[in-house]
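Visitor: I would like to walk through this structure with you and ask how each label is earned. Shall we take a look together?

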Amino acid sequence: MKILLASEIGFCFGVKRAVNMVERLLNEVGKVYVVGSLIHNSLEMRRLERKGLKAVSDPEEVPQGAFAVVRSHGLKREEIELLVRRKVKLVDTTCPFVKRVRDVAQNLIREGYEVLLYGDPDHPEVQGLMSYLEGNVFVLRDERDLDFISISDKIGLVSQTTQELDAFLKIAVDLSGRAKEVRMVNTICNATIKRRRAVKDILSLSDALLVIGGKNSANTKKLVDLSKRYFKDRTYHIEFPKELSGRWFEGVGVLGVVSGASTPDWQVKVVLAILKKYGGEVCNGDGSGERKRILSH
Ligand code: SF4
């Protein structure tokens with residue numbers, strides 16, 4: 001079985017940055033708190049917890065004066081204010097792409113636009129963003145939600161960083177027929193766009209796809225959904241290497257392997273080592289499906 005690795009694999013820029021910042025802080029101070037999960041990957045969280053990271057669900061659980069980090073997808077404004085009041089020493093690892101959505105939306109509001117944010121209202125990033133936006137702001141799960149809100153003349157449209165570009169464009173097109181003015185700013189992060197493109201690139205060359213990433217990771221779930229459009233029964237999503245089953249790969253000539261943005265390289269390497277035991281050989285696709293170069297994993 002040949003194994004095709006997606007060209008974008010392992011941590012994205014923002015997650016890598018957050019994890020590096022936390023590790024540096026842990027080396028300096030030994031114990032660091034985070035409200036919520038720093039990243040949506042249980043194995044990486046466990047590794048960091050062994051080094052002294054403590055995840056709590058409520059800012060009140062962070063002791064006064066302790067060190068804490070703001071996770072890569074941000075916190076609500078009131079949570080940060082509470083931590084500041086408790087004199088917690090805060091290090092902000094919020095991804096710059098997430099901050100950009102906030103800045104863009106705030107500018108649009110200042111310029112008199114009613115802002116629509118395309119995203120998942122239950123996702124921490126969206127909840128964090130909404131806490132900073134004052135004025136008329138609505139969250140859209142998808143274009144069907146447009147039927148349930150009254151659209152003003154002047155609409156500003158932004159997106160959660162990890163949404164799908166095609167769906168975002170569809171909403172923009174739909175809105176153009178409903179409002180006099182639509183100002184759309186693409187705030188989907190480049191890492192998300194490149195990763196989806198990398199998955200599409202190997203889908204056509206593979207017989208099955210293995211997605212490695214947290215079961216509660218939004219971007220991983222979207223990669224699984226994308227793959228299922230091509231391989232309804234041959235898309236496998238694992239969070240832990242032990243979930244792999246040799247039976248999945250019977251009759252598979254080429255297996256595509258991708259990961260979510262919060263899956264560390266070391267986890268991908270562990271999975272590859274197991275796949276090699278099942279007879280897998282890592283190679284890169286060159287568009288013709290031929291073996292091009294063995295990677296050093
Ligand atoms: S997925 Fe994008 S926005 Fe989220 S942490 Fe990674 S680079 Fe930043």
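Guide: Gladly, and please keep in mind that this is a predicted model. Let us start with Ala55, which sits in strand S3 (residues 53-56).

Visitor: Why is Ala55 called partly exposed?

Guide: Its relative accessible area is 33%. Buried would need a value under 20%, and exposed one over 50%, so Ala55, at 33%, counts as partly exposed.

Visitor: What is Ala55 in contact with, leaving aside its neighbours within four places in sequence?

Guide: Its contacts are Val34, Gly36, Met45 and Glu49. Take Met45: ten residues separate it from Ala55 in sequence, and their C-alpha atoms lie 8.7 Å apart.

Visitor: What makes the phi of Lys87 worth a remark?

Guide: Lys87 has a positive phi of about 55°, although it is not a glycine. Most residues other than glycine have a negative phi. You will find Lys87 in the loop between helix H3 (77-85) and strand S5 (89-92).

Visitor: How do you know whether Lys87 is buried or exposed?

Guide: The relative accessibility of Lys87 is 63%. The cut-off for exposed is over 50%, so Lys87 counts as exposed.

Visitor: Let us move to helix H4. Why does Ala105 count as buried or exposed, whichever it is?

Guide: Ala105 lies in helix H4, and its relative accessibility is 1%. Buried means under 20%, so Ala105 counts as buried. Beyond four places in sequence, Ala105 is in contact with Val115, Leu133 and Val158.

Visitor: And which label does Pro96 get?

Guide: Pro96 is also a residue of H4. At 37% relative accessibility, Pro96 counts as partly exposed, because this label covers values between 20% and 50%. Pro96 touches Phe13 and Arg17, not counting residues up to four places away. Pro96 and Gly14 are 82 residues apart in sequence, with 7.4 Å between their C-alpha atoms.

Visitor: How does H4 pack with helix H5?

Guide: H4 (residues 96-110) and H5 (residues 124-132) pack at an angle of about 35°, and their axes are 10 Å apart. The crossing is right-handed. H4 brings Val98, Val101, Arg102 and Gln106 to the contact, while H5 brings Glu125, Leu129 and Tyr132. By class, that gives four nonpolar, one polar and two charged residues.

Visitor: How do you know that the span of H6 agrees with what is expected?

Guide: H6 has twelve residues, which should span 16 Å at 1.5 Å a residue. The end C-alpha atoms of H6 are 17 Å apart, so the two values agree.

Visitor: Which residues of H6 are buried?

Guide: They are Phe168, Ile171, Ala172 and Leu175.

Visitor: What makes you say that they line one face of H6?

Guide: Seen down the axis of H6, the buried residues fall within an arc of 100°, so they line one face. On the other side of H6, Lys170 and Val173 are exposed. The buried residues pack against strands S6 (114-118), S7 (137-140), S8 (154-159) and S9 (181-184).

Visitor: One last helix: what span does H7 have, and what is expected?

Guide: H7 (residues 190-203) has 14 residues and reaches 20 Å from its first C-alpha to its last, close to the 20 Å expected. Its buried residues include Thr192, Ile193 and Arg195. Among the elements that cover the buried residues of H7 are helix H6 (165-176) and helix H8 (218-230).

Conventions: Residues are numbered from 1 along each chain as its sequence is written. This is a predicted model: local features need pLDDT of at least 70, side-chain atom pairs count only at pLDDT 80 or more; totals for chains, interfaces and linings use all residues. Side-chain values use heavy atoms; hydrogens and water are left out. Helices (H or I, at least four residues) and strands (E, at least two) are DSSP runs, numbered from the N terminus. The expected span of a helix is 1.5 Å times one less than its number of residues. Buried means under 20% relative accessible area, exposed over 50%, partly exposed in between (1.4 Å probe, protein chains only). Contact means heavy atoms within 4.5 Å. Axes are lines fitted to C-alpha atoms, for helices over the stretch in contact, and angles run from 0 to 180 degrees between N-to-C directions. A crossing is left-handed if the near helix is turned anticlockwise from the far one by less than a right angle, and right-handed if clockwise. Ala, Val, Leu, Ile, Met, Phe, Trp, Tyr, Cys and Pro count as nonpolar, Asp, Glu, Lys and Arg as charged, and the others, Gly among them, as polar. The arc is that of the directions from the helix axis to the C-beta atoms.
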